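This report looks at how aromatic rings are arranged in a protein chain, and it is best read with the structure in view.

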Amino acid sequence: MVVGLSYAAVPMYRIFCQATSYGGEISRDIDSDKVEKMKPIAHRQIKIQFNADTSSNMQWNFKPQQREIVVMPGDTALAFYTATNPTDKPVVGISTYNVVPFDAGQYFNKIQCFCFEEQRLNPHEQVDMPVFFYIDPDFAEDPKMENVTEIILSYTFFEAKDDFQLPVPAYYRK
């Protein structure tokens with residue numbers, strides 16, 4: 001029952017994050033002009049640490065390819081996670097994520113990410129999954145972020161069930 005509730009919480013969490021930008025939710029309104037014109041703020045280096053977890057029923061091996069990188073607000077960065085299915089059967093997974101400290105989440109913008117999308121791995125298959133992101137330059141102007149020098153990006157993978165349909169907000173539909 002707890003596993004079912006945990007997995008059922010994924011779409012609710014996604015909807016909540018998209019509505020509130022909580023936890024650094026992907027913005028579907030990425031302003032490509034803004035991204036192209038951003039200037040890195042060299043005096044505000046931020047260490048981004050990467051974490052990977054799986055739910056208790058997920059059999060994948062899942063880990064970040066790098067433990068941390070240093071970025072500047074206004075600069076884009078690319079990181080990778082690796083997932084491996086060590087079983088003899090296909091497994092479909094779906095991930096959630098969060099950004100800590102939570103107040104920094106509003107400045108953590110993902111341009112491309114694997115979160116909230118089903119990932120199917122065949123038996124013994126391994127895949128690399130990119131996360132392309134930037135820290136909004138406004139981060140450096142926010143007095144609440146003045147002492148923030150580290151941000152943790154943490155993903156958790158859950159096993160998806162074939163008969164479970166995720167509700168998809170209208171702006172996610174193509």
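In this predicted model, Phe50 has a relative accessible area of 8%, which is under the 20% cut-off and therefore makes Phe50 a buried residue. Tyr81 is likewise counted as buried, because its relative accessibility is 0%.

These two residues belong to a wider set of ring contacts, for the count comes to 14 aromatic pairs. In one of them, the rings of Phe50 and Tyr81 have centres 6.1 Å apart and planes at 80°, and since an angle over 60 degrees is called edge-to-face, the pair is given that name. Phe50 lies in strand β1 (residues 46–54) and Tyr81 in strand β4 (residues 76–84), so the pair ties together parts of the chain that are 31 residues apart in sequence.

Tyr81 also takes part in an aromatic pair with Phe62, and that pair is stacked. Phe62 sits in strand β2 (residues 61–64) while Tyr81 is in strand β4, so that this pair, too, links distant parts of the chain, 19 residues apart. Both Phe62 and Tyr81 are buried. The table sets out the two pairs.

| Pair | Centre to centre | Angle between planes | Arrangement |
|---|---|---|---|
| Phe50 and Tyr81 | 6.1 Å | 80° | edge-to-face |
| Phe62 and Tyr81 | 5.4 Å | 20° | stacked |

Phe50, Phe62 and Tyr81 are members of one aromatic cluster, which also includes Trp60, Tyr97, Phe108, Phe114, Phe116, Phe133, Tyr155 and Phe157. Within this cluster, Tyr97 has a charged neighbour, as Lys110 lies over the face of the Tyr97 ring at 2.7 Å from the ring centre.

Notes: Residues numbered from 1 in each chain as written. Predicted model: local features only at pLDDT ≥ 70, side-chain atom pairs only at ≥ 80, totals over all residues. Heavy atoms only, no water. Phe/Tyr/Trp six-rings, centres within 6.5 Å; stacked < 30°, edge-to-face > 60°. Helix = DSSP H or I, 4+ residues; strand = E, 2+ residues; numbered from the N terminus. Buried < 20%, exposed > 50% of the residue type's maximum accessible area, 1.4 Å probe, protein only. Lys NZ or Arg CZ within 6 Å of the ring centre and 35° of its normal.
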